[in-house]
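Student: Could you take me through one part of this model slowly, the sheet of chain B and what surrounds it? I would like one connected account rather than a list.

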Amino acid sequence: MLNREDFEIFKTGLIYFDNAATTQKPKQVVNEIVDYYTKYTANAHRGDYDISLKVDEKYEGVRNKVKEFINASKTSEIIFTKGSTESFNMIVFGFMAHYLKKDDEVILTKSEHASNILPWINLSEKVGFKIIYLDLKEDNSFSIENLKQKINKNTKVVSIAHITNSIGDVRPIEEIGNICKENNILFVLDATQSIGHIKVDVLKYNIDFLGFSAHKMLGPTGVGVLYGKEELLNKLVPLEYGGGMNIMFSSDGKYELKELPFRLESGTRNIAGVIGLGAAVDYLNKIGIDKIHEYEISLKKYLLDKIKKVPNIKIYNENLDSGLLLFNVKNYFSQDVAIFLNNYKICIRAGNHCAKMLQEVICSTNTCRVSLYFYNTKEEIDILIEALMNQDKILDTLV
Amino acid sequence: MDVKMKRDIILDNYQNPANKGLPNDSTYIEVNSRNESCVDNITVAAKLVNDKIEDVKFDGDACAICTSASSVMTKELKGKSLEEAEKIIDNYERMINELPYDEDVLGELNIYNEVYKQPSRKKCALLPMDSIKKIIGDDE
């Protein structure tokens, strides 16, 4: 257990195992947001008065924090968005729509999140490029061999998650990044599930574009990041036009846009959200991302050891190295198990976890998902195990 | 009816559902419904003859409440006129949504009269009705 006292919500006895959906927020993040709303509310990049200048300083300060956090080269490569979904839509419809041609190929896998599949399907209908779904290994993890086999002269993009939200496999992104670089392929990384859990380093892993959401790394909802190499972001055509992103416009139809990053941030941004994201980055840095990962893995091992002793449990991702466990209780529907666990104040997710194609790969369409974070404890896992030992009571609370 | 009896009927309809399995017959109209939390997934198939539900079946992958409610629904609607069916559906939805309703028309569907106590279950209990409403054209 790390820094649990910073999370007010746990004083209620809540056991929160749905961290892949969103994480809880420490008081340091909440306080930063409250400070903005109570002590220096003003718009960014506008005023000549003190509190507006303070907003600029804070907002642009976060850009620098994020740059350092993911090891980007320049702050202009960090664009604040509404979240991963917007980041991916910008990559696909703002850049790829002008880059990909009819016979090109884009490599994805069937375990990607909807936000890294649906934009591609939609664009391919218009442009005619081909989406290649890479076959997964027997344990549903990523196969470097299959990637090497599928690459050909038409392959232009590989777009995958660092860690999948559906299975929890950690992809070998350093190797994938190298392969992409050697073959002149753009490497797009969905870091939504990995950010805040393991180190993300865009330079080391040769990442061309990357997206993530603040709310999965202790930050607020409604804010996220798009990273892109500067030369690529310069070619990204804005999907939104308006205030904050232009230098001039006139009635003869002339207009001029600002430089990066501002030309991709139209309108008043989610300033409070960005400031909250900055506090989340500070918080994670203070604990240390390696320490978080190490703790999560030790907790997952504890969970695995215990849950394997519970009768009638089928585990779907035993050997994958993240804090995510998928299971079912034999003869019970996943949602009935989740609702039963709610009686113990245990929050887990039931369903197909927004990766609807994966049911074509794993035999079960619906599973229970436990996703751990650094504030979870062995004691909480013991309560989960005790509840699962009472599995004959799962349907007792139907009415 | 006491809670235990209600639970037993629900469990029985979950473990041994009536009218389960789709007919593979083009004279039936089929409609699939899924709930927003992407879990329950139910298809209802009904054969309508002369403004009457001559037969109704269902299939799918869903929780105990959704599966059992689909089973009980098919039993209650089979053989009913469309007008009677609409009345049952309307009163059932009113019951689940805690609005005044006529329990006399609901038959065995009355076992779901306490589902409202578990808000997360309401959408499960309502899902089969979404399909049948589309089939009989009562989804305006």
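**The sheet of chain B and its surroundings**

Tutor: Gladly! In chain B, three strands make up an open sheet, ordered β1-β2-β3, with antiparallel pairing. Please keep in mind that the model is predicted. The edges of the sheet are taken by β1 (29-34) and β3 (52-61) of chain B; each has a single partner strand, so one side of each is left without a neighbour in the sheet. On average, and ignoring direction, neighbouring strands here are turned by 20 degrees against each other.

Now look at the pairing of β2(B) with β3(B). Strand β2 of chain B covers residues 41-49, and nine bridges join it to β3(B) in the antiparallel sense. For a landmark, find K47(B): the residue opposite it is D55(B), in β3(B).

Next comes the helix on this sheet. α2(B) lies across β2 and β3 of chain B, and its direction is at about 170 degrees to that of β3(B).

From here we can move to the contact with the other chain. In that contact, 15 residues of chain B meet 14 residues of chain A. On the chain B side, α1 (3-15) and α2 (64-77) each supply at least two residues, so α2(B) is a helix to follow from the sheet to the contact with chain A. The largest share of the chain B side is the five residues from α1(B). Sorted by class, this side of chain B holds nine nonpolar, two polar and four charged residues.

A good residue to centre your view on is I65(B). Leaving out residues up to four places away in sequence, I65(B) touches L398(A) across the chain boundary, and in chain B it touches V115(B), R121(B), C124(B) and A125(B). I65(B) also belongs to the largest nonpolar core, a set of 73 residues, where I65(B) and I132(B) have the most contacts inside the core. Helix α4 of chain B, residues 119-136, gives this core its largest share, eight residues. There is also a second, separate core, with 70 residues; among them are A191(A), F209(A), L226(A) and Y227(A).

So a walk for your viewer would be this: begin at the β1-β2-β3 sheet, step onto α2(B) where it lies across β2 and β3 of chain B, and finish at I65(B) with its contact to L398(A).

Methods: Residues numbered from 1 in each chain as written. Chains lettered and ligands numbered in written order. Predicted model: local features only at pLDDT ≥ 70, side-chain atom pairs only at ≥ 80, totals over all residues. Core = buried A, V, L, I, M, F, W, Y, C linked by C-beta atoms within 7 Å. Buried ≥ 20, exposed ≤ 12 C-beta atoms within 10 Å, placed from the backbone. Helix = DSSP H or I, 4+ residues; strand = E, 2+ residues; numbered from the N terminus. Contact = placed C-beta atoms within 7 Å. Nonpolar A, V, L, I, M, F, W, Y, C, P; charged D, E, K, R; others polar. Pairing = 2+ DSSP bridges. Axes fitted to C-alpha atoms, helices over the stretch in contact; angles between N-to-C directions.
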